[in-house]
Amino acid sequence: MWWGGRGQSFNIAPRKEEPEMGSVQESRMPEPRSRQPSSCLASRCLPGEQILAWAPGVRKGLEPELSGTLICTNFRVTFQPCGWQQNQDTPLSSEYDFALVNIGRLEAVSGLSRVQLLRPGSLLKFIPEEIMIHGRDFRLLRVGFEAGGLEPQAFQVTMAIVQARAQSNPAQQYSGITLSKAGQGSGSRKPPVPLMETAEDWETERKKQAARGWRVSTVNERFDVATSLPRYFWVPNRILDSEVRRAFDHFHQGRGPRLSWHHPGGSDLLRCGGFYTASDPNKEDIRAVESMLQAGHSDVVLVDTMDELPSLADVQLAHLRLRALCLPDSSVAEDKWLSALEGTRWLDYIRACLRKASDISVLVTSRVRSVILQERGDRDLNGLLSSLVQLLSAPEARTLFGFQSLVQREWVAAGHPFLTRLGGTGASEEAPVFLLFLDCVWQLLQQFPADFEFSEFFLLALHDSVRVPDTLTFLRNTPWERGKQSGQLNSYTQVYTPGYSQPPAGNSLNLQLSVWDWDLRYSNAQILQFQNPGYDPEHCPDSWLTRPQPSFMIPGPPSSVWLFSRGALTPLNQLCPWRDSPSLLAVSSRWLPRPAISSESLADQEWGLPSHWGACPLPPGLLLPGYLGPQIRFWRRCYLRGRPEVQMGLSSPTISGLQDELSHLQELLRKWTPRISPEVHSKKRDPHTIFNPTEIVGILKGRAEGDLG
C-alpha cells in the first residue's frame with residue numbers, strides 16, 4: 001500500500017518472511033482499517049524514507065496516556081498521536097522520534113512478568129502487549145498495543161524495529177531531511193553559524209577577537225599536514241607556513257600549536273598535541289616550535305591537560321554506569337540511589353573539569369602570557385577545557401550565537417572524533433567527552449543563570465542532536481571526512497539519498513547544513529525556547545570594558561616557563577624536549593615529582609602567583625564556579641527522562657506546560673481538601689484562585705502529619 005504526502009510516495013512494505021509463532025500466522029500486514037496512519041504521517045516522511053510497519057497503540061508512562069500509531073521506518077521509530085497536525089508543536093526533546101542508531105535497548109512485554117530483551121537479530125517469542133524503547137540519550141518511549149484482531153500488527157512492528165536496527169549504519173546520514181528542508185528555498189542556504197570551513201570565516205573571527213599578532217595559515221588547505229586539523233587555523237604573524245609545516249611534524253598526529261582564543265587583555269590560549277619525542281628536529285625547527293609556543297610573550301605556561309582529569313575509559317565507564325542507574329527498572333533501592341550516583345564518578349569528573357577550567361581561566365586573565373593546553377591527541381580534553389575557559393572568561397561565548405560558534409570552532413572544526421566517541425564505529429575508544437562538556441555547561445547555567453543567553457532546553461536539544469544523523473556535524477571524526485562526504489571541497493554537490501537509484505532532479509544544493517540549522521527539526525515556537533528568559537542584557541559583550549591591548553610581540557626567549565599540573569605552577573628550564581637536558585613534558589607524567597594538591601583553587605590562593613607579581617583584581621566578565629559538594633548538581637531533566645514520575649516538580653519550559661502543572665497541583669489540592677485544617681478550609685475562596693506557596697506548604701505539611709498520625 002502506498003501513502004502519498006507532498007507529492008511523494010512512500011511504500012509500506014509487507015514483510016517477506018513469515019515467522020512461526022504458535023497460533024499467530026503472519027502472512028502480510030493487515031489492511032489498515034479505521035486506525036490507519038493519517039496523511040500527516042506521510043508528510044513527515046523524508047525523501048527515501050520507507051515505512052516498514054505500523055500498529056495502533058497507546059503511549060504509556062506519562063499522563064495523560066495518548067492513543068496513536070507506532071511507525072517503524074528505515075530511518076527511525078516514531079509515535080504519532082491521534083489528531084497530530086503538521087503545524088502542531090512536538091515536544092522540544094523530540095519525544096516521539098527515535099533514530100534507529102539512538103535505540104540503546106528494546107524490550108517486549110507480555111503480561112506482568114514476561115519480558116524479552118530484543119537485540120539486533122533476535123526473534124520475538126510472543127505477541128507483545130507493550131514495547132519499551134530506551135534511547136541512548138536517556139529518553140524512554142512506552143507503547144501498549146490494543147487487542148481486537150490487531151495482534152499481528154503489534155508483532156510485525158516490533159520485529160520490524162529489530163531488523164531495522166540490525167541493518168542501520170551509525171555513520172550513514174539520512175540526507176533526505178537535508179533535501180526536504182533545503183529544497184524549499186532557492187539558491188544556497190547561508191549557515192546560521194560560521195562553519196569555519198573557509199579562510200574568510202577564520203579571518204572574520206580573528207578580527208572579532210582583535211588578535212593582531214596572529215594570521216590565518218593556509219598550510220593545511222589540502223589536508224596534507226593533518227587530516228584531523230581544520231583547513232585553516234591561526235599561527236603567529238612572524239612564523240612562515242614553511243616553518244609551520246616543519247614544526248607540526250614534531251607533534252603527535254601533526255597537531256602543532258595553534259591559537260584557540262585571544263583574551264582582550266593580551267593573553268593567548270593555545271592548544272597542541274604531545275611532543276613527538278622520537279623525531280630529530282634541527283635547530284631551525286626547534287626555534288620555530290619555541291616561537292609558536294611562546295607566541296611573543298615573556299611568560300609561558302604549559303598545561304598538562306590529562307593530569308587530574310579522567311581518561312577516556314573513565315568517562316565511558318562513568319556514563320555507562322549513569323545510564324544503568326537512570327533506567328526505570330534500575331535495581332538500586334531508593335535509599336541507596338544517591339550513593340550509587342556518587343559511585344558512578346560522573347559528578348566527580350564534572351567537578352574536576354570545572355576546577356581545572358577555573359584555574360586555567362585565572363592563568364589567562366591574571367597576567368599577559370601564553371597558556372598552552374597540551375594533550376597527546378589534542379582532540380578531546382583540550383577541546384573541553386578550551387571551551388570552558390572561554391565560557392568562563394568571555395561573555396560573548398555565553399550568547400546563543402557565541403556558544404554555537406565556540407562549539408563549531410573548538411569541537412567540530414578542531415577534529416573531535418564524534419563518530420568514534422559516540423560509539424558509531426564500534427571501536428574501543430568510545431567515550432562521550434562532548435556530553436560531559438554539555439553537563440559542565442549546564443552546571444554553569446545553574447550557578448550563573450543571568451549570564452547565559454541560552455537555556456537548558458537548548459542544551460537538551462544539542463544533547464539529543466548528537467544521536468540524530470540528519471547532518472554531518474556529529475557523523476564524522478575529522479574535517480577532512482566531513483568535507484569529503486558533503487562535497488564541500490567542490491562547494492556544491494548532488495545528494496544521493498538511500499532509496500533513489502538516481503539523484504532527484506533539480507536538487508543541486510549547497511549542503512553546508514549543520515546541527516545549527518535548528519529549523520530542520522524544530523518549529524519556530526520551540527526555537528524561541530532556546531532563549532533564557534533570565535538572561536541579563538547588561539552582561540552582553542558590548543558592556544564588557546576590556547583592558548587596553550599591550551604591546552603584543554616581545555622579541556627574545558621567554559623569561560619564565562612554567563608547567564601547570566595538579567593545581568600548582570612548577571618552573572621549567574626549557575620549552576622543548578629536544579634540547580641538551582630532557583624537558584619535563586617529554587617524560588611520562590607518572591615519573592614527575594608531584595606537589596601536594598591544595599584544597600583551594602588557584603584563584604583562592606591569591607591567583608597562585610609569586611608574591612612579586614602582586615595580587616590582581618577579579619577581571620570583568622570572569623566567572624569562577626563552585627565545584628564543592630552540593631554545588632555540583634544532577635541534571636535530572638536530561639538523565640531521568642525515562643522516569644517521568646521523578647520529573648514531577650521540575651518547572652515546565654512553556655506557559656501551556658506551566659498551566660498543565662498548575663492544574664495538576666490544583667487537582668491534588670482538591671482531592672486533599674477534606675484533610676485541610678479547619679482554619680484554611682473555612683476561608684471562602686474562588687475555586688480558580690491559586691494557593692500561594694506558604695499555604696501549599698502548610699497544606700502538604702498538615703497532610704503529611706495526618707498520614708504519620
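In this predicted model, D137 turns up in the loop that runs between β11 (130-135) and β12 (140-145). Being in a loop doesn't put D137 on the outside, though: the residue is buried, with just 1% relative accessible area. Its side chain has polar company. One polar contact, of 3.2 Å, ties the side chain of D137 to that of N102, and another, of 2.9 Å, ties the side chain of D137 to that of R139. Leaving aside residues up to four places away in sequence, D137 touches N102, H463, D464, R467, C638 and R641. R139, the partner in the 2.9 Å contact, also lies over the face of F98, at 4.1 Å from the ring centre.

The same loop between β11 and β12 holds F138, and here the backbone does something worth a look. Most residues other than glycine have a negative phi. F138, however, has a positive phi, near 80°. F138 counts as buried because its relative accessibility is 7%, and the cut-off for buried is under 20%. A295 also has a positive phi without being a glycine, with a value near 55°. A295 sits in the loop between α6 (283-294) and β17 (299-304), and it is buried as well, at 1% relative accessible area.

Next come the aromatic rings. A pair of aromatic rings is described by the distance of the centres and the angle of the planes. Searching the whole structure turns up 25 aromatic pairs. One of them is made by F434 and F474, whose ring centres are 5.8 Å apart and whose planes make an angle of 40°, so the pair is classed as tilted, the label for angles that are neither under 30 degrees nor over 60. This pair links distant parts of the chain: F434 belongs to helix α13 (residues 433-447), while F474 is in the loop between α14 (456-465) and α15 (479-486), and the two are 40 residues apart. Both rings are tucked away from the surface: F434 is buried at 1% relative accessible area, and F474 is buried at 5%.

Finally, the charged side chains. Side chains of opposite charge can pair when their charged atoms come close. The structure holds 24 salt bridges. One of these joins E205 and K208, with the closest N and O atoms 3.8 Å apart. Both residues are in helix α4 (residues 199-208), and because they are 3 residues apart there, about one helical turn separates them. The two ends of this bridge have contrasting surroundings: E205 is buried, with a relative accessible area of 11%, whereas K208 is exposed at 54%.

E205 has a second charged partner, since its side chain also meets that of R409 in a salt bridge of 3.5 Å, N to O. This time distant parts of the chain are linked, with R409 in helix α11 (residues 400-412), E205 in helix α4, and their positions 204 residues apart. R409 counts as buried too, at 7% relative accessibility.

Another salt bridge brings together the side chains of R345 and D348, at 2.8 Å from N to O. Both of its ends are partly exposed: R345 has 38% relative accessibility, and D348 has a relative accessible area of 22%. As for bridges that share partners, these join E205, K208, R255, R258, R271, D378, R409 and E410 into one network.

How values were computed: Residues numbered from 1 in each chain as written. Predicted model: local features only at pLDDT ≥ 70, side-chain atom pairs only at ≥ 80, totals over all residues. Heavy atoms only, no water. Helix = DSSP H or I, 4+ residues; strand = E, 2+ residues; numbered from the N terminus. Buried < 20%, exposed > 50% of the residue type's maximum accessible area, 1.4 Å probe, protein only. Polar contact = N/O pair within 3.5 Å; in protein donor to acceptor, adjacent residues only side chain to side chain. Contact = heavy atoms within 4.5 Å. Phe/Tyr/Trp six-rings, centres within 6.5 Å; stacked < 30°, edge-to-face > 60°. Lys NZ or Arg CZ within 6 Å of the ring centre and 35° of its normal. Salt bridge = Lys/Arg side-chain N within 4 Å of Asp/Glu carboxyl O.
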